[in-house]
Amino acid sequence: MPMYGCICVECGHYETIFRHISQRDDTPVHCSQKMVRRVEAPSVQVDIGGYNSPIDGQWIEGKSARREDLKRNNCRPWEGMESEKKEAKKRAAEADKTFEKGVEQAAYNVYNNMSAEKQRAIDNAA
Ligand SMILES: [Zn+2]
């Protein structure tokens, strides 16, 4: 993720932020106002230093270890609230689909385990 420099026009406080390019103007607030992004070439973070995974406590060093950590724990990087809401909706829709499939399969199994006589009775009722 690219890194950007932001400056508070009120007090001159400088901060470094990491953002997707599309969200680079989503700057922090300082002295009750949005910080201004400094115009400079964005630099890409080369790699990340070691840290203990907040998920399972394992030592994580480097981006690939971070990706593994997220994958191992069925997690994703935080991408903002909008993105989280979208993902939650998607997962709920998938769960609904799986449930409906299960119900359909169960009904199918019950029907197939019935005697031919009962199946005929149902077919005639439908
Ligand atoms: Zn300030």
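**Exercises on helix span and overall spread**

At 1.5 Å a residue, the 32 residues of helix 2 (residues 81–112) should span 46 Å, and the end C-alpha atoms of helix 2 are 46 Å apart, which agrees. The expected span is 1.5 Å times one less than the number of residues. This is a predicted model: local features need pLDDT of at least 70, side-chain atom pairs count only at pLDDT 80 or more, and totals for chains, interfaces and linings use all residues. Numbering starts from 1 along each chain as its sequence is written.

**Exercise 1.** State how many residues of helix 2 are buried.

*Solution.* Take the cut-offs: a residue is buried if 20 or more other C-beta atoms lie within 10 Å of its own, exposed if 12 or fewer, and partly exposed in between, with C-beta atoms placed from the backbone. Among the 32 residues of helix 2, the count is zero. Over the 126 residues of the protein, 4% are buried.

**Exercise 2.** List the elements in order and assess the spread of the protein.

*Solution.* Helices (H or I, at least four residues) and strands (E, at least two) are DSSP runs, numbered from the N terminus. From there the order is β-β-β-β-β-β-β-β-α-α-α. The radius of gyration is 26 Å, well over the 14 Å of the globule rule for 126 residues, so the protein is more spread out than a compact globule. That radius is taken over C-alpha atoms, and the rule is 2.2 Å times the number of residues to the power 0.38. Along the principal axes, the C-alpha trace spans about 85 × 35 × 25 Å.
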